[in-house]
Amino acid sequence: MSGDAAALWPRVAEGLRRDLGARTFDHWLKPVRFADYCSLSGVVTLETASRFSANWINERFGDRLELAWRQHLPDVRGVTVRGGAASAERATALSAQPLPAFEVPRPAANPALLGFDPRLSFERFVVARSNILAANAARRMAMVEAPQFNPLYLCSGTGQGKTHLLQAIAQDYAAAHPTANIILMSAEKFMLEFVGAMRGGDMMAFKARLRAADLLLLDDLQFVIGKNSTQEELLHTIDDLMTAGKRLVVTADRPPAMLDGVEARLLSRLSGGLVADIEAPEDDLRERIIRQRLAAMPMVEVPDNVVAYLVKHFTRNIRELEGALNKLLAYAALTGTTVDLALAEDRLAENVRSARPRITIDEIQRAVCAHYRLDKSEMASKRRVRAVARPRQVAMYLAKELTPRSYPEIGRRFGGRDHSTVIHAVRTVEALRVADSELDAEIAAIRRSLNS
């Protein structure tokens with residue numbers, strides 16, 4: 001029966017990835033492996049290499065794992081995740097087995113590489129004007145020779161290739177330094193492991209592991225905004241690595257100077273190397289990326305007008321562009337349909353709508369000020385007269401409605417206001433829209449101007 005349950009794990013995992021989102025799943029559940037299923041107790045046992053990760057998954061996702069398993073195996077009455085020595089021994093045993101034909105062998109001397117995706121290499125990273133500085137700097141960071149700059153700070157919007165470059169750096173660095181200690185983690189995971197180490201009284205081990213890195217790569221730094229204790233520990237980690245001549249690469253969705261809520265000394269360290277911006281992909285880059293993907297699938301025929309359609313409508317980032325292409329090709333393959341422009345327009349209509357450029361808080365503030373004829377500086381001012389305070393509340397309300405920013409982030413963009421002020425503004429405007437038809441019409445007009 002355990003064998004039957006093992007065969008179900010990939011389906012369970014795919015459902016979890018879809019329900020929880022790719023980012024959450026990849027951070028926590030992707031490394032999990034099936035271990036055992038006891039038909040007498042109805043308990044599924046899963047494994048991961050770290051005790052901390054196992055405890056976190058059990059606490060945060062235990063109920064969700066149990067529900068996901070029951071959808072495929074109704075007799076399941078519980079799910080537990082174990083980590084640590086037993087899992088490490090099992091991982092070692094598995095690594096000794098022959099690799100399947102479709103996997104790319106990696107040097108046994110550097111087990112750090114086992115966590116990386118061979119598809120995310122420099123060879124598969126398409127370079128153009130918008131990303132050439134970041135790409136060349138990333139290659140330099142991976143060379144045997146010490147780079148002229150350290151740290152390397154890569155910044156761009158989501159889906160522009162930052163994580164691809166992190167993975168490429170790690171793999172090339174490992175090839176040039178076979179015994180190197182490489183750590184790649186998200187800033188969010190850094191924060192969670194730091195908090196877990198503090199609560200578990202294991203700070204010495206946490207510090208020692210990070211400071212032993214020859215190359216430390218931190219993804220999505222913006223997730224530690226406002227987390228003072230985490231920033232302090234990150235600052236000490238960076239200082240120790242820099243002093244020891246180790247290499248550091250950091251990514252974020254904006255330049256250091258725009259990271260509101262980050263301690264000044266940390267910003268100074270991050271700005272002290274090279275800050276390389278990745279701009280929105282130009283038409284030529286988007287077309288070349290599609291052509292590269294199609295070249296790897298010679299049996300698939302995609303007309304030029306379909307390629308042009310994708311290039312025209314998916315301009316915001318590479319991830320959305322590739323996602324649309326994958327969706328189109330998957331539908332055609334599963335239904336036996338020929339790929340043509342009509343199919344693309346039909347199957348990708350929703351993707352096109354969601355791919356339209358997102359509205360920013362700055363754009364909202366400008367639109368509100370234009371409507372109420374105010375200077376934009378009033379959005380951050382301390383003035384409380386009704387002629388200023390009400391438009392400011394409207395702008396806060398629209399910022400929460402139209403952007404993915406959190407209450408604290410919105411508050412910082414309105415003169416460093418507390419998150420409770422933003423919550424009050426949102427609730428006030430929600431109530432007024434019901435009772436005040438004039439205000440409701442004004443907000444609708446501002447939304448139309450933003451959408452146009």
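This section describes the fold, the nonpolar cores and selected residues of a predicted model of one protein chain.

The protein chain is built from 20 helices and eight strands. Its radius of gyration is 25 Å, close to the 22 Å that the globule rule gives for 452 residues, so the chain is as compact as a globular protein of that length. Along the principal axes, the C-alpha atoms occupy a box of roughly 70 × 60 × 55 Å. Of the contacts with a separation of 6 or more, 73% join residues that are 24 or more positions apart.

Of the 452 residues, 44% count as buried. The exposed surface of the protein chain amounts to about 23200 Å², and carbon and sulfur atoms supply 52% of that area. The charged side chains comprise 61 positive and 55 negative groups. The centres of these two sets lie 3 Å apart.

In soluble globular proteins, nonpolar side chains tend to be buried together. In the present model, the largest nonpolar core has 56 residues. The members that touch the most other members are Trp9, Leu46, Leu65, Trp69 and Leu221. Helix H3 (residues 51–72) provides the largest share of this core, with seven residues. The surroundings of tryptophan 69 were examined without counting residues up to four places away in sequence. On that basis, tryptophan 69 touches Ala5, Leu8, Trp9 and Val12, together with Phe34, Val44, Leu46, Val76 and Val79. A second core, separate from the largest one, contains 26 residues, among them Leu152, Ile169, Ala174 and Leu217.

Phenylalanine 122 lies in the loop between helix H4 (85–95) and H5. Because its relative accessibility is 4%, under the 20% limit, phenylalanine 122 counts as buried. Leaving aside neighbours within four places in sequence, phenylalanine 122 contacts Ala135, Ala138, Arg139 and Ala142, as well as Leu165, Ala168, Ile169 and Asp172. Ile169 is also a member of the second core. Between phenylalanine 122 and arginine 139 the separation is 17 residues in sequence, and their C-alpha atoms are 7.7 Å apart.

Several residues in loops have backbone geometry that can be noted individually. The peptide bond leading from asparagine 150 to proline 151 is cis, with omega near 10°. Proline 151 belongs to the loop that runs between helix H5 (132–142) and strand E4 (152–155).

A positive phi of about 60° is found at aspartate 220, although this residue is not a glycine. Aspartate 220 is placed in the loop between strand E6 (215–219) and helix H9 (228–243). With a relative accessibility of 8%, aspartate 220 counts as buried, because the limit for that class is 20%. Arginine 373, likewise not a glycine, has a positive phi of about 60°. Its position is in the loop between helix H16 (361–372) and helix H17 (386–402). The relative accessibility of arginine 373 is 79%, over the 50% limit, so arginine 373 counts as exposed.

Towards the end of the numbering, alanine 445 is part of helix H20 (residues 437–451). Its relative accessible area is 25%, which lies between the limits of 20% and 50%, so alanine 445 is partly exposed. Alanine 445 and histidine 371 are 74 residues apart in sequence, whereas their C-alpha atoms are 8.7 Å apart in space.

Terms used:
Residues numbered from 1 in each chain as written. Predicted model: local features only at pLDDT ≥ 70, side-chain atom pairs only at ≥ 80, totals over all residues. Heavy atoms only, no water. Helix = DSSP H or I, 4+ residues; strand = E, 2+ residues; numbered from the N terminus. Rg over C-alpha atoms; globule rule 2.2 N^0.38 Å. Buried < 20%, exposed > 50% of the residue type's maximum accessible area, 1.4 Å probe, protein only. Contact = heavy atoms within 4.5 Å. Areas by Shrake-Rupley, 256 points an atom, 1.4 Å probe, with all protein chains shown as cover. Lys, Arg positive; Asp, Glu negative; His and termini not counted. Charge placed at Lys NZ, Arg CZ, Asp CG, Glu CD. Core = buried A, V, L, I, M, F, W, Y, C linked by side-chain atoms within 4.5 Å.
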